[in-house]
2 protein chains.
Amino acid sequence: MPPCQTGTVSEQARRGRPGYDRDHFLTVAVAVFNEQGYDATSVADLAGRLGVSKAALYHHFDSKEELLSVSLDRALGGLEAVLSTPEATEGTASDRLGAVLRGAVRVLVDELAHVTLLLRVRGNSPVERAALGRRRAFDQRVTALVRSAQQEGAVRADVDARVATRLVFGMVNSLVEWYRTSGPEGADQLADDVLTVALDGLRTR
Amino acid sequence: MPPCQTGTVSEQARRGRPGYDRDHFLTVAVAVFNEQGYDATSVADLAGRLGVSKAALYHHFDSKEELLSVSLDRALGGLEAVLSTPEATEGTASDRLGAVLRGAVRVLVDELAHVTLLLRVRGNSPVERAALGRRRAFDQRVTALVRSAQQEGAVRADVDARVATRLVFGMVNSLVEWYRTSGPEGADQLADDVLTVALDGLRTR
């Protein structure tokens, strides 16, 4: 971390609200990463967009990579927490699978920018590779749940559990491409729609 | 286009196979765009990866943007062609929708690198904006088909046609993230799985 500069008055005022600053800096940084790509973004770009000095940014985050790491942890931590909720740990595998899908949609909507960044990670650094590892572990736990639901007889066994998981999460993850929190579709309606299509399909019975 | 340099012997040999070169240059360029991002790739990067001079590359493509344009056209042209096949234009809307989904999976598998590039386009230039416009037009035609299938009573009407189209294409498009032509799952099996999950869902009946 670079040495702390003597800040301007407005910087010192900001430093009086460290929690606010940290969140605000993170939000803006992640928006810039999603717009122009993480690799193509410099700390100077971020400071410029925030209207603060690089030193003010370094007061809260050690590096650009720490911003990435905190953002990816928000997305992954949210998804992992879904797997620990009572709805996802008690009851039939089929009910638990429904709860996990609903929970994942909620995390995508609540942490849209962080999940968007997560889904663009390609493994270009140790931080990115660690995130990909956590994503794989999450996918494996969901795949195991799909497999249990198949064994219960509640989920069709003629589609491989791994392929089924990837297709359904492809649907869930696609929300980052088109869902806007300002849109007419609320998160609950969206979760209902995802569950309807994933579990029952488009065809009328 | 920059003036043609007098080529080396090997370049002149290459120029004797213009169709081969053009395809080969395009394939390698698109792989590099997908790896490191289109904006972050220079013509010098491409020439370096191909092991040819920039002049040899300019002999076949006017600019980096022409490579992008040709690639996006391969992906979009393939998808648009699906809408004109007999299977997608004759019969019930429900059957036509099935044919479009199956055809789209086939295009993704056959043109994986080009579709991957298409799905990463963000509208940063006129070429990218034109591609996004064609993608929107394609989506609208599929949405109209979903709506017709709803009116027939073959597709559930309790999910908005636009949301249903986006979710199902989210599933189809997710293939670019994980499908590898070398994998155990063939294109036909994959298309069957996509249709099964999209139309009938994971739940057993």
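# Notebook: two chains about an axis

**Entry 1, the axis.** I began with the distance from the rotation axis, and in chain A the residue whose C-alpha comes closest to that axis is Gly201(A), at 1.9 Å. I note here that what I am reading is a predicted model. I then looked up how the copies are related: a rotation of 180°, with 0.0 Å of shift along the axis, superposes chain A on chain B with an RMSD of 0.0 Å. I wrote beside this that such a relation is that of a two-fold axis.

**Entry 2, the fold of one chain.** I turned next to chain A by itself, where I found twelve helices and zero strands. Along principal axes, the C-alpha atoms of chain A fill a box of roughly 65 × 35 × 30 Å. Chain A has 205 residues, and 51% of them count as buried. I also looked at contacts in chain A with a separation of 6 or more, and 63% of these are accounted for by residues that stand 24 or more positions apart.

**Entry 3, where the chains meet.** Which surface does each copy use to meet the other? I found that 100% of the interface residues of chain A are also interface residues in chain B, so the copies meet through the same surface. In numbers, 33 residues of chain A are in contact with 33 residues of chain B. The two chains bury about 3,600 Å² between them, and 59% of that area is on carbon and sulfur atoms.

I then listed the polar side of the interface between chain A and chain B, where 16 residue pairs are in polar contact. On the side of chain A that touches chain B, the elements that give two or more residues are helix H10 (161–173), helix H11 (175–178) and helix H12 (187–200). Sorted by class, that side of chain A holds 16 nonpolar, six polar and eleven charged residues. Between chain A and chain B I noted a count of four salt bridges. One of the pairs I looked up is Arg203(A) with Asp200(B), whose side chains meet in a salt bridge at 3.0 Å, N to O.

**Entry 4, Arg156(A).** I chose this residue in order to follow a single side chain across to the other copy. Arg156(A) has its place in the loop between helix H9 (126–152) and H10 of chain A. Is Arg156(A) buried or exposed? Its relative accessibility is 15%, and because buried means under 20%, Arg156(A) counts as buried. The side chain of Arg156(A) reaches the backbone oxygen of Gly201(B) at 3.2 Å. Leaving aside its neighbours within four places in sequence, I found Arg156(A) in contact with Gln150(A) in its own chain and, in chain B, with Thr196(B), Asp200(B), Gly201(B), Leu202(B), Arg203(B) and Thr204(B). Gly201 of chain A was also where I started, as the residue of that chain that comes closest to the rotation axis.

**Entry 5, salt bridges within a chain.** Over all chains the count comes to 22 salt bridges, and I followed some of them one at a time.

In chain A, the side chains of Arg49(A) and Glu35(A) meet at 2.9 Å, N to O. Arg49(A) lies in helix H3 (residues 43–50) and Glu35(A) in helix H2 (residues 18–36), so this pair ties together parts that are 14 residues apart in sequence. Both partners count as partly exposed, Arg49(A) at 44% relative accessibility and Glu35(A) with a relative accessible area of 48%.

A second pair in chain A is Arg74(A) with Glu111(A), whose side chains meet in a salt bridge at 3.5 Å, N to O. This pair links distant parts of the chain, 37 residues apart, with Arg74(A) in helix H5 (residues 64–82) and Glu111(A) in the loop between helix H7 (93–110) and helix H8 (112–120). Arg74(A) is partly exposed, with a relative accessible area of 36%.

In chain B I looked up Asp188(B) and Arg106(B), whose side chains meet in a salt bridge at 2.9 Å, N to O. Asp188(B) sits in helix H12 (residues 187–200) and Arg106(B) in helix H7 (residues 93–110) of chain B, and the two are 82 residues apart. Here Asp188(B) is exposed at a relative accessible area of 52%, whereas Arg106(B) is partly exposed at 35%.

Last, I noted a network of salt bridges in chain A, which links Asp73(A), Glu80(A) and Arg134(A).

Conventions: Residues numbered from 1 in each chain as written. Chains lettered and ligands numbered in written order. Predicted model: local features only at pLDDT ≥ 70, side-chain atom pairs only at ≥ 80, totals over all residues. Heavy atoms only, no water. Least-squares fit on C-alpha atoms with pLDDT ≥ 70 in both. Contact = heavy atoms within 4.5 Å. Buried area = accessible area lost by both parts, 1.4 Å probe. Polar contact = N/O pair within 3.5 Å; in protein donor to acceptor, adjacent residues only side chain to side chain. Nonpolar A, V, L, I, M, F, W, Y, C, P; charged D, E, K, R; others polar. Buried < 20%, exposed > 50% of the residue type's maximum accessible area, 1.4 Å probe, protein only.
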